[in-house]
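Here's a short set of exercises to work through with the model open in your viewer. Try each task before you read its solution.

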Amino acid sequence: MALDLRSCEAKFRRSKEHADAFRRESKLWMDGNPYGVSTKTNSDCTRHSLIAHLVGPDAPFEQWTLIVSDCLQNLRASLDHLLYAIAIHESSKDPPPKHDKIMFPICDLPDNFVTSNWRIEMLSLGVRTAIEGVQPYNRQYPTIPPPLTMLRELTNADKHRLLRLA
(Lines give C-alpha, C1' and ligand atoms only; values in the text may rest on other atoms or scores of the structure.)
Protein backbone atom coordinates (compact mmCIF):
# COMPACT_ATOMS: atom_id res chain seq x y z
CA MET A 1 0.00 0.00 0.00
CA ALA A 2 1.10 3.54 -0.66
CA LEU A 3 2.06 5.62 2.34
CA ASP A 4 -1.01 7.72 3.16
CA LEU A 5 -0.13 10.63 5.45
CA ARG A 6 -3.43 12.49 5.13
CA SER A 7 -4.55 11.94 8.74
CA CYS A 8 -1.09 12.81 10.08
CA GLU A 9 -1.03 15.97 8.00
CA ALA A 10 -4.60 16.85 9.06
CA LYS A 11 -3.66 16.58 12.74
CA PHE A 12 -0.56 18.68 12.15
CA ARG A 13 -2.57 21.32 10.24
CA ARG A 14 -5.14 21.42 13.04
CA SER A 15 -2.34 21.95 15.55
CA LYS A 16 -1.09 24.87 13.48
CA GLU A 17 -4.62 26.32 13.27
CA HIS A 18 -4.82 26.30 17.07
CA ALA A 19 -1.37 27.91 17.36
CA ASP A 20 -2.40 30.61 14.88
CA ALA A 21 -5.65 31.22 16.80
CA PHE A 22 -3.73 31.63 20.03
CA ARG A 23 -1.32 34.09 18.40
CA ARG A 24 -4.22 36.11 16.96
CA GLU A 25 -6.20 36.19 20.21
CA SER A 26 -3.23 37.05 22.43
CA LYS A 27 -2.09 39.76 20.00
CA LEU A 28 -5.58 41.24 19.91
CA TRP A 29 -5.60 41.37 23.71
CA MET A 30 -2.11 42.89 23.88
CA ASP A 31 -2.97 45.43 21.16
CA GLY A 32 -5.65 46.71 23.53
CA ASN A 33 -2.87 47.98 25.83
CA PRO A 34 -4.18 46.12 28.87
CA TYR A 35 -1.29 47.21 31.10
CA GLY A 36 -0.34 50.60 32.44
CA VAL A 37 2.89 51.64 34.14
CA SER A 38 3.30 54.11 36.96
CA THR A 39 6.38 55.29 38.81
CA LYS A 40 6.98 55.62 42.53
CA THR A 41 9.86 57.11 44.45
CA ASN A 42 10.34 56.79 48.19
CA SER A 43 10.61 59.89 50.40
CA ASP A 44 14.43 60.04 50.47
CA CYS A 45 14.74 59.27 46.72
CA THR A 46 16.79 56.11 47.31
CA ARG A 47 14.31 53.76 45.71
CA HIS A 48 12.63 54.19 42.34
CA SER A 49 9.97 51.74 41.15
CA LEU A 50 8.07 51.03 37.98
CA ILE A 51 4.71 49.43 38.73
CA ALA A 52 2.78 47.57 36.05
CA HIS A 53 -0.96 47.28 36.57
CA LEU A 54 -3.88 45.92 34.61
CA VAL A 55 -6.02 48.69 33.13
CA GLY A 56 -7.97 46.67 30.59
CA PRO A 57 -9.90 43.41 30.75
CA ASP A 58 -8.27 40.32 32.24
CA ALA A 59 -6.59 38.02 29.77
CA PRO A 60 -8.86 35.07 28.87
CA PHE A 61 -6.37 32.55 30.28
CA GLU A 62 -8.82 29.67 30.46
CA GLN A 63 -9.77 30.06 26.79
CA TRP A 64 -6.11 30.41 25.80
CA THR A 65 -5.22 27.34 27.82
CA LEU A 66 -7.83 25.29 25.97
CA ILE A 67 -6.54 26.50 22.60
CA VAL A 68 -2.89 25.76 23.48
CA SER A 69 -3.83 22.36 24.92
CA ASP A 70 -5.70 21.44 21.72
CA CYS A 71 -2.68 22.57 19.71
CA LEU A 72 -0.36 20.32 21.71
CA GLN A 73 -2.72 17.32 21.70
CA ASN A 74 -3.06 17.51 17.92
CA LEU A 75 0.70 17.80 17.53
CA ARG A 76 1.19 14.73 19.75
CA ALA A 77 -1.52 12.83 17.87
CA SER A 78 0.14 13.62 14.54
CA LEU A 79 3.11 11.52 15.66
CA ASP A 80 0.85 8.57 16.47
CA HIS A 81 -0.97 9.00 13.14
CA LEU A 82 2.40 8.97 11.39
CA LEU A 83 3.33 5.60 12.91
CA TYR A 84 -0.11 4.18 12.18
CA ALA A 85 0.21 5.21 8.51
CA ILE A 86 3.68 3.66 8.34
CA ALA A 87 2.36 0.43 9.88
CA ILE A 88 -0.37 0.24 7.22
CA HIS A 89 2.17 0.94 4.50
CA GLU A 90 4.62 -1.70 5.73
CA SER A 91 2.05 -4.41 6.45
CA SER A 92 -0.31 -3.69 3.52
CA LYS A 93 -3.17 -4.18 6.00
CA ASP A 94 -5.70 -1.68 7.32
CA PRO A 95 -5.90 -1.91 10.23
CA PRO A 96 -2.29 -2.97 10.64
CA PRO A 97 -1.18 -5.73 13.02
CA LYS A 98 -1.38 -4.71 16.69
CA HIS A 99 -3.04 -1.45 15.62
CA ASP A 100 -4.32 -0.83 19.14
CA LYS A 101 -0.76 -0.78 20.53
CA ILE A 102 0.85 1.70 18.13
CA MET A 103 2.09 4.85 19.80
CA PHE A 104 5.05 7.13 19.20
CA PRO A 105 7.27 6.60 22.25
CA ILE A 106 8.94 9.60 23.85
CA CYS A 107 11.66 8.47 26.24
CA ASP A 108 14.26 10.37 28.23
CA LEU A 109 16.44 7.31 28.83
CA PRO A 110 17.57 4.46 26.54
CA ASP A 111 16.22 1.85 28.98
CA ASN A 112 12.77 3.45 28.80
CA PHE A 113 12.89 3.24 25.02
CA VAL A 114 13.72 -0.46 25.20
CA THR A 115 10.78 -1.12 27.54
CA SER A 116 8.41 0.82 25.27
CA ASN A 117 9.51 -1.04 22.13
CA TRP A 118 6.30 -3.07 22.19
CA ARG A 119 4.55 0.08 20.95
CA ILE A 120 6.55 -0.01 17.71
CA GLU A 121 7.59 -3.67 17.35
CA MET A 122 5.31 -4.08 14.32
CA LEU A 123 7.39 -1.50 12.40
CA SER A 124 10.51 -2.23 10.38
CA LEU A 125 13.95 -1.97 11.93
CA GLY A 126 14.71 1.13 9.87
CA VAL A 127 11.65 2.95 11.20
CA ARG A 128 12.34 1.87 14.80
CA THR A 129 15.93 3.09 14.42
CA ALA A 130 14.74 6.43 13.08
CA ILE A 131 12.31 6.79 16.01
CA GLU A 132 15.09 6.03 18.47
CA GLY A 133 17.29 8.59 16.74
CA VAL A 134 14.91 11.44 17.63
CA GLN A 135 14.42 10.43 21.27
CA PRO A 136 15.21 13.13 23.86
CA TYR A 137 18.22 11.20 25.20
CA ASN A 138 19.88 11.55 21.77
CA ARG A 139 19.72 15.32 21.66
CA GLN A 140 22.68 17.32 20.47
CA TYR A 141 22.33 20.15 23.02
CA PRO A 142 21.87 18.66 26.51
CA THR A 143 21.39 22.05 28.17
CA ILE A 144 18.30 22.86 26.08
CA PRO A 145 15.09 21.10 27.20
CA PRO A 146 14.13 18.49 24.60
CA PRO A 147 10.98 19.53 22.70
CA LEU A 148 9.59 15.98 22.62
CA THR A 149 9.89 15.71 26.40
CA MET A 150 8.10 19.03 26.80
CA LEU A 151 5.37 17.86 24.42
CA ARG A 152 4.94 14.61 26.36
CA GLU A 153 4.86 16.34 29.74
CA LEU A 154 2.40 19.02 28.65
CA THR A 155 0.01 16.62 26.92
CA ASN A 156 0.12 14.22 29.87
CA ALA A 157 -0.62 17.06 32.29
CA ASP A 158 -3.42 18.32 30.05
CA LYS A 159 -5.19 14.98 30.35
CA HIS A 160 -5.85 15.67 34.02
CA ARG A 161 -5.99 19.42 34.53
CA LEU A 162 -5.86 22.71 32.69
CA LEU A 163 -2.35 23.79 31.84
CA ARG A 164 -1.00 26.94 33.43
CA LEU A 165 0.03 29.49 30.88
CA ALA A 166 2.81 31.86 31.84
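Which helix is Arg 76 found in? Arg 76 sits in helix H2, where helices are DSSP runs of H or I with at least four residues, and strands are E runs of at least two, both numbered from the N terminus.

Before going on, some ground rules: this is a predicted model, where local features need pLDDT of at least 70, side-chain atom pairs count only at pLDDT 80 or more, and totals for chains, interfaces and linings use all residues. Residues are numbered from 1 along each chain as its sequence is written, and side-chain values use heavy atoms, with hydrogens and water left out.

**Exercise 1. Work out whether Arg 76 is buried or exposed, and list what it touches.**

Step 1: take the cut-offs, which are under 20% relative accessible area for buried, over 50% for exposed, and partly exposed in between (1.4 Å probe, protein chains only).
Step 2: Arg 76 comes out at 11% relative accessibility, so it counts as buried.
Step 3: look for contacts, meaning heavy atoms within 4.5 Å. Not counting residues up to four places away in sequence, Arg 76 touches Met 103, Phe 104, Ile 106, Leu 151 and Thr 155.

**Exercise 2. Check the length of H1 against its expected span.**

Step 1: H1 covers residues 6–31.
Step 2: the expected span is 1.5 Å times one less than the number of residues. For the 26 residues of H1 that gives 38 Å, and the end C-alpha atoms are 37 Å apart, so the two agree.
Step 3: see which residues are buried; in H1 these are Cys 8, Ser 15, His 18, Ala 21, Ser 26 and Trp 29. They pack against strand S1 (35–41), strand S2 (48–54) and H2.
Step 4: zoom in on Ser 26, which counts as buried because its relative accessibility is 16%. Its side chain reaches the backbone oxygen of Arg 23 at 3.3 Å.
Step 5: go past the end of the helix, where H1 is followed by Asn 33, with a positive phi near 50°.

**Exercise 3. Classify the ring pairs that involve Trp 64.**

Step 1: rings of Phe, Tyr and Trp (its six-membered ring) pair if their centres lie within 6.5 Å; planes under 30 degrees apart are stacked, over 60 edge-to-face, and the rest tilted. The structure holds four such pairs.
Step 2: Trp 29 and Trp 64 have ring centres 5.8 Å apart and planes at 80°, so this pair is edge-to-face. It links distant parts of the chain, with Trp 29 in H1 and Trp 64 in H2, 35 residues apart.
Step 3: Trp 64 counts as buried at 5% relative accessibility. Phe 61 and Trp 64 also pair edge-to-face, at 5.7 Å centre to centre and 85° between the planes.
Step 4: Phe 61 and Trp 64 are both in H2, three residues apart, about one turn of the helix. An α-helix has 3.6 residues a turn, so residues three or four places apart point the same way.
Step 5: put it together: Phe 22, Trp 29, Tyr 35, Phe 61 and Trp 64 form one aromatic cluster.

Key: Polar contact = N/O pair within 3.5 Å; in protein donor to acceptor, adjacent residues only side chain to side chain.
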